[in-house]
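I opened a new page for this structure. These entries record what I looked up, in the order I looked.

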Amino acid sequence: MRHHHKTPRSRLPFVPHVLALAIVFAHGVASAQTTITMASTTSTEQSGLFGYLLPEFKKASGIDIKVVALGTGQALDMARRGDADVIFVHDQVAEEKFVADGWGVKRYPVMYNDFILVGPKADPAGTQGKDIVEALKKLATGNVAFISRGDKSGTHAAELRYWKLAGADAAKGSGYKECGCGMGPALNIAASSGAYVLADRGTWLNFKNRADMVVLVEGDTRLFNQYGVMVVNPAKHPQVKVQDAQKFVDWVVSPGGQASIAGYKIGGEQLFFPNAGK
């Protein structure tokens, strides 16, 4: 009798398996046509913006976006190799050169947030205030611990500009260390070692392990942090999914995309400020 029950059961699962395979295969084919790759920055990713924004874009377009989060310099390199369809970064000088050199079709401003100097609450170097350049001068002369991203990211490029303005690009003090890492890890190192670090506000607001770290310098107009978006030029890389990539660009600078960016908040605080039409 036992055999009698077993036989139909062992045959039955065959049909669902075939169906499941067919569904997986069909889904694979469908998603292959509607997935684009975006090279972007660790600050945009680690602020949590994409987890909020990309489902909104998918609702509007049906297109999935695979994000590869690197520093801006590495993201631009990835796009130059043809490994991305669209690029979303924050180093305007580098972005304009990318377009001028023919790698990108056109640069669109999308949004901004700002950089902040974060450090131990006790502020041993006495940096607190609005002036980022004065703060870095104090850090250099005080030889206090400072963690630099050191990864050719947009944040690292901005940090180097501020050191230069402080006249300390060659002598940043003995406490200066490069981690060659993303924004989140750099904040973790600074928090655990009582060091100062230049961060983007979005990642800081999303950062949980603050220890005794506080924002010490903010509000300097030089700390403004603009983001831009570009489609990778198909003249250089014919495999670029230009139409789908352009759909993302058009959406993110449209009133709907801009409203989505403005709607992303942590603890009631807005992280990014849309300015595509400016």
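**Entry 1: salt bridges**

I began with K97 and D101, whose side chains meet in a salt bridge, 2.7 Å from N to O. I then checked D101 for exposure: its relative accessibility is 36%, so D101 counts as partly exposed. I note here that the model is a predicted one.

Next I looked up R201. R201 forms a salt bridge with D114, and the closest N and O atoms are 2.7 Å apart. R201 belongs to helix 10 (residues 201-205) and D114 to strand 4, so this pair ties together parts that lie 87 residues apart in sequence. I asked whether R201 and D114 are buried or exposed. Both R201 and D114 are buried.

The third pair I looked up was E134 and K137. They form a salt bridge with closest N and O atoms 3.3 Å apart. Both residues lie in helix 7, and they are 3 residues apart, about one turn of the helix. I checked the exposure of each. E134 has a relative accessible area of 39%, between the 20% and 50% cut-offs, so E134 is partly exposed. K137 has a relative accessible area of 34% and is therefore partly exposed too. I also looked for shared partners: salt bridges join D114, R201 and E218 into one network.

How many salt bridges does a search of the whole structure find? I wrote down 13.

**Entry 2: the disulfide**

I turned to the cysteines. The structure holds 1 disulfide. C179 and C181 form the disulfide, with their sulfur atoms 2.0 Å apart. I looked up the torsion about the S-S bond of C179 and C181, which is about -80 degrees, so the disulfide is left-handed.

I then compared the exposure of the two partners. C179 is at 24% relative accessibility and so counts as partly exposed. C181 has a relative accessible area of 14%, so C181 is buried.

**Entry 3: T127**

Where is T127 found? I placed T127 in the loop between strand 4 (104-120) and helix 7 (132-142). I had met both elements in Entry 1: D114 lies in strand 4, and E134 and K137 lie in helix 7.

I checked T127 for exposure. Its relative accessible area is 3%, so T127 is buried. Last, I listed what T127 touches, leaving out residues up to four places away in sequence: L117, A135, K138, L139, Y196, L216 and V217.

Terms used:
Residues numbered from 1 in each chain as written. Predicted model: local features only at pLDDT ≥ 70, side-chain atom pairs only at ≥ 80, totals over all residues. Heavy atoms only, no water. Disulfide = S-S within 2.5 Å. Buried < 20%, exposed > 50% of the residue type's maximum accessible area, 1.4 Å probe, protein only. Helix = DSSP H or I, 4+ residues; strand = E, 2+ residues; numbered from the N terminus. Contact = heavy atoms within 4.5 Å. Salt bridge = Lys/Arg side-chain N within 4 Å of Asp/Glu carboxyl O.
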